[in-house]
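Colleague: I would like a close look at one part of this model, please. Pick a spot you find worth the time, and follow it outward to whatever surrounds it.

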Amino acid sequence: MTAIESVGLREEATTLLQDLLRANTVNPPGNEIRAAEVLRAYFARDGIEVELYAREPERPNVVARLEGGDGPTLALLSHTDTVLADPAEWERDPWSGELVDGEVWGRGALDMKSQVAASAVAFASLKRDGFRPGGDLLFVSVADEEVGGVGGHDGYGLRWLVQAHPDAVRCDYALNEGAGDRLVIGGTPYYACATAEKMSAPFTLRVHGRSGHGSMPGIADNALVKAARYVSALGAYEPEPTLIPEARRLLETVLGEAPPPAEALSRARAADPFLAALVEPLLALTLSPTMIEASHQRNVIPAVCEVTVDCRLLPERTPAETEPLIREVLGVGEYELEWKEAVGGTRSPLDTPLWTALDGFTAGIEPGARLAPTACPGFTDSHYLREAFGTIAYGFFPAQAMDAETTSKLVHSANERIPVDDLVLGTEMLRATALALLG
């Protein structure tokens with residue numbers, strides 16, 4: 001029997017997760033107040049007061065604080081909104097929170113209401129245990145992570161919160177989503193921990209031509225046709241690989257050495273296909289044309305064609321540094337590049353007290369288990385804490401019962417679910433980390 005089962009928290013974490021999943025918080029519109037009320041009621045049982053910080057009443061962020069000494073502050077960070085779910089694609093109601101064969105089903109079970117529930121139970125149970133932290137312990141569960149503000153809007157979640165109420169969430173360390181996948185290589189189990197993230201830097205490729213009637217293409221200059229070669233060029237581009245610190249450390253941990261960048265992917269693939277999946281997006285930027293807009297009428301040849309490109313840059317790279325490369329890929333032509341926004345791209349140091357605490361916990365999950373760094377191919381709310389306060393923020397929620405391939409297929413997809421054993425493991429990790437870092 002594990003420590004957490006011995007204090008009766010398994011059922012508590014499962015029930016709270018089910019209640020959170022039954023609160024439909026698909027974003028948009030969000031309605032995160034539904035999850036906030038679940039959390040407020042849960043914390044009230046232990047006399048824990050929560051603060052709701054909201055740009056709009058229906059979209060609050062939930063903060064609770066266990067005050068300690070003058071040591072560092074640790075935030076258990078999560079978000080309560082989810083992506084959409086089409087019930088027709090699911091085997092069960094996406095908002096049922098059903099417990100079936102040891103797994104809890106529902107939209108957000110993996111991303112990331114499981115970590116919301118685990119963080120809340122870890123926080124409340126430590127208070128019940130009489131834990132007196134050396135520094136403050138924060139529970140922070142925010143709104144609007146899945147959209148996070150677009151078009152210059154700061155959104156309703158952490159992006160807004162660090163500006164409007166910085167003292168409510170200021171912290172030295174934070175544990176968030178982002179990794180926790182398990183892979184076994186050479187008999188040794190490794191658990192990935194995200195210490196950095198790529199930058200989301202989408203841009204619009206605008207191609208110019210001359211409009212005309214669809215029945216007389218010879219007298220026009222079709223911008224949509226002209227855009228085709230640029231789309232093909234972006235799709236065919238194979239960037240030169242490089243080893244960022246996180247990729248280098250990951251390979252050193254798992255392979256015993258960091259191979260030359262040109263060999264990194266093949267060496268990773270030879271060791272394990274999932275290791276290759278982790279490594280590949282860390283070797284270079286990615287350029288993915290995803291949307292196209294041209295004529296709005298069937299018989300009008302477009303004078304302008306706009307292609308939206310999902311561009312992800314390596315940590316600490318900038319659009320300004322990258323634009324010459326993109327123009328080289330596209331070649332000479334009649335087009336414009338317009339960067340839409342740049343979010344993420346931050347990193348935290350690898351050798352910190354938080355890493356030591358997580359490494360110590362990981363070693364106890366199973367014999368020989370080791371913690372291995374990685375970087376998120378996308379970005380998370382950790383970025384806003386790093387940028388605002390210099391917070392050392394990691395993404396870690398270990399999963400042992402469900403394999404990494406299955407997990408990756410279920411996130412943002414139909415039939416999302418999490419084994420209760422992994423919910424328990426995550427709760428144990430959060431408790432242990434708070435005790436190790438603040439005890």
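Modeller: Gladly! Let's start where strand 5 (residues 103-105) meets strand 20: the two pair in the antiparallel sense over three bridges. Here a pair needs at least two bridges found by DSSP, and helices (H or I, at least four residues) and strands (E, at least two) are DSSP runs numbered from the N terminus. Within this pairing, V104 stands opposite I418 in strand 20.

Before going further, a word on the ground rules. This is a predicted model, so local features need pLDDT of at least 70 and side-chain atom pairs count only at pLDDT 80 or more, while totals for chains, interfaces and linings use all residues. Residues are numbered from 1 along each chain as its sequence is written, and side-chain values use heavy atoms, with hydrogens and water left out.

Back to the sheet. Three strands make it up, in the order 4-5-20, and it is open with antiparallel pairing. Strand 4 (99-100) and strand 20 are its edges, each pairing on one side only. Helix 15 (residues 420-438) packs on this sheet and touches strand 4, strand 5 and strand 20; contact means heavy atoms within 4.5 Å. The direction of helix 15 makes about 70° with that of strand 20, where axes are lines fitted to C-alpha atoms, for helices over the stretch in contact, and angles run from 0 to 180 degrees between N-to-C directions.

Just ahead of strand 20, have a look at N415, in the loop between helix 14 (404-410) and strand 20 (417-419). Its phi is near 60°, a positive value in a residue other than glycine. Most residues other than glycine have a negative phi. N415 counts as buried because its relative accessibility is 12%; buried means under 20% relative accessible area, exposed over 50%, and partly exposed in between, with a 1.4 Å probe and protein chains only.

Now along helix 15, which holds L423. L423 has 0% relative accessibility, so it counts as buried. Leaving aside residues up to four places away in sequence, L423 touches A13, T14, L17, S114, A118, F397 and I418. That last name is familiar, as I418 is the residue opposite V104. A13, T14 and L17, for their part, fall in helix 2 (9-21).

L438 also belongs to helix 15. With 1% relative accessibility, L438 counts as buried too. Its contacts, again not counting residues up to four places away in sequence, are P72, L74, F131, R132, P133, G134, G135, D136 and L137. One of these, R132, is 306 residues from L438 along the chain, yet their C-alpha atoms are separated by 8.4 Å.

Two of those contacts, L74 and L137, take us on to another set of strands, since L74 stands opposite L137 in strand 6. Strand 3 (residues 74-79) and strand 6 run parallel, joined by six bridges. Strand 2 (residues 60-66) is joined to strand 6 by five bridges and runs antiparallel to it, with R65 opposite L138 in strand 6.

How many of the six residues of strand 6 are buried? Six of the six are, so strand 6 is largely enclosed by the rest of the structure. In a regular strand the side chains alternate between the two faces of the sheet. Both faces of strand 6 are covered, with L137, F139 and S141 buried on one side and L138, V140 and V142 buried on the other.

After strand 6 (137-142), the loop that leads to helix 5 (158-164) holds D144. Like N415, D144 has a positive phi near 60° in a residue other than glycine. D144 counts as buried, because its relative accessibility is 4%.

One last stop brings us back toward helix 2, this time to the loop between helix 2 and helix 3 (33-44), where P28 lies. A cis peptide bond with omega of about 0° joins N27 and P28. The next bond, from P28 to P29, is cis as well, with omega near 5°, and P29 is found in that loop too. Most peptide bonds are trans, and that makes this stretch a nice one to view up close.
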